[in-house]
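Biologist: Hi! Could you talk me through this one, starting with the vocabulary?

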Amino acid sequence: MAFCTNKCVDNLECVALDVCDFYGEEKSCRLVRSLKINLTTTDYGKTCRRYKMDKRCGDGELNEEILKRCILYLCDFETTTEPSCFLTETTDDIFNWSRKSGKTGSSSTGPNGAKVGTYYKFIEASSPRVNGQTAKLVSNKDFEDKAYCLSMYYHMYGQTTGTLKIQTRTGNDPAVTHWELSGNQGNQWYSIDRLNLPLNSNTKIIIEATRGRDFYSDISVDYIVLWSFACP
Ligand SMILES: [Ca+2]
Ligand SMILES: [Ca+2]
């Protein structure tokens, strides 16, 4: 755990962590005003330099080059084997998410392209998919017994768009839904800036998309970040 995380997490003015200074051997945290993840590198370039993960971030954390902040995990889908990602496909559903650049195969549904970088993941709602079929991304990491903060982009465009859920499931308990949205949101990416997820070593994070009643139902996600502390 980063030194700065403990230092800032109980400070109400510390709405987000930014581990970007290093004085001698001691990490120092900087307060930033927003956890919105669409801030540009220019915004942070003025105050933060790009550091290597081994010195400036906590154990196992990454210094994320766009956010300029230490994060635990990132799924940007830019490569098929993405070491920083904490979500994988599962067989505990009907079909898999697809990795994609540019538009999806059908018009009037899906994004024009990725929100960040070139690639994103989406559910292809065209044949052979039918109403109500689900695809899940499931976490493959062990977590500590505490709250984590998740942020991500989603895109839900299409007149018959189904449902996107962010859930956790601990052991064999029923899944708990922490965020859910259904229906057409128009052709644009939206962000979930902060979603608290209580986790422990037996908890899985599940991102589940359900296909709607017709093929205008492509649901996409990109740039899913997990922070190793509760949302400020
Ligand atoms: Ca991406
Ligand atoms: Ca699957």
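Modeller: Happy to! Helices (H or I, at least four residues) and strands (E, at least two) are DSSP runs, numbered from the N terminus. This is a predicted model, where local features need pLDDT of at least 70, side-chain atom pairs count only at pLDDT 80 or more, and totals for chains, interfaces and linings use all residues. Residues are numbered from 1 along each chain as its sequence is written, chains are lettered from A and ligands numbered from 1 in the order in which they are written, and side-chain values use heavy atoms, with hydrogens and water left out.

Biologist: Thanks. How many helices and strands does the protein chain have?

Modeller: There are three helices and 15 strands.

Biologist: And what percentage of the residues is buried?

Modeller: Of the 232 residues in the protein chain, 51% are buried. Buried means under 20% relative accessible area, exposed over 50%, and partly exposed in between (1.4 Å probe, protein chains only).

Biologist: OK, metals. Which residues coordinate the calcium ion that is ligand 1?

Modeller: D76 gives its O and an OD atom, E78 an OE, V116 and Y119 their O atoms, and D222 two OD atoms, at 2.3 to 2.9 Å. Donors here are N, O and S atoms within 2.8 Å of the metal (3.2 Å for Na, K and Ca); water is not among the atoms, so sites may look incomplete. Along the chain, the donors of ligand 1 have the spacing D-x1-E-x37-V-x2-Y-x102-D. Distant parts of the chain are linked this way: V116 sits in the loop between β7 (98-101) and β8 (119-123), while D222 is in strand β15 (residues 219-227), 106 residues apart.

Biologist: Are V116 and D222 buried or exposed?

Modeller: V116 is buried at a relative accessible area of 13%, and D222 is buried at 0%.

Biologist: Where does Y119 lie?

Modeller: Y119 is in strand β8. Its relative accessible area is 26%, so Y119 is partly exposed. From C-alpha to C-alpha, Y119 and D76 are 7.3 Å apart, although 43 residues separate them in sequence. Beyond its neighbours within four places in sequence, Y119 has contacts (heavy atoms within 4.5 Å) that include F77, R99, A114 and D222.

Biologist: What about β8 itself, how many of its residues are buried?

Modeller: Four of its five residues are buried, so β8 is mostly covered. Two strands pair if DSSP finds at least two bridges between them. β8 runs antiparallel to β7, with four bridges, and antiparallel to β15, with three bridges. S98 faces F122 of β8, and I123 faces I219 of β15.

Biologist: Switching ions: what are the protein donors of ligand 2?

Modeller: That calcium ion has T90 (O), two OD atoms of D93, F95 (O) and N96 (OD1), lying 2.3 to 2.6 Å from it. Their spacing along the chain is T-x2-D-x1-F-N. Both T90, at 16% relative accessibility, and F95, at 7%, count as buried.

Biologist: Now the sheets. What is the strand order in the open sheet of five strands?

Modeller: The order is β6-β9-β14-β11-β12, with antiparallel pairing. β6 (87-89) and β12 (176-182) are the edge strands, each pairing on one side only. Within that sheet, β11 (residues 163-170) and β14 (residues 203-210) are joined by eight bridges, and K165 has E208 in β14 as its bridge partner.

Biologist: Which residues have the most contacts inside the largest nonpolar core?

Modeller: They are F86, W97, L150, M152, L164 and I224, in a core of 32 residues. β10 (146-156) is among the elements that give two or more residues to this core, and the largest share, five residues, comes from β10. There is also a second, separate core of 13 residues, with W189, Y223, V225 and C231 among them. A nonpolar core is a set of buried Ala, Val, Leu, Ile, Met, Phe, Trp, Tyr and Cys residues joined through side-chain atoms within 4.5 Å.

Biologist: Any backbone oddities? What is phi for Y223?

Modeller: Y223 has a positive phi of about 50° although it is not a glycine. This residue is in strand β15 and counts as buried at 2% relative accessibility. S108, in the loop between β7 and β8, also has a positive phi, near 65°, but S108 is partly exposed at 39%. Finally, S127 and P128 are joined by a cis peptide bond with omega about 15°, and P128 is in the loop between β8 and β9.
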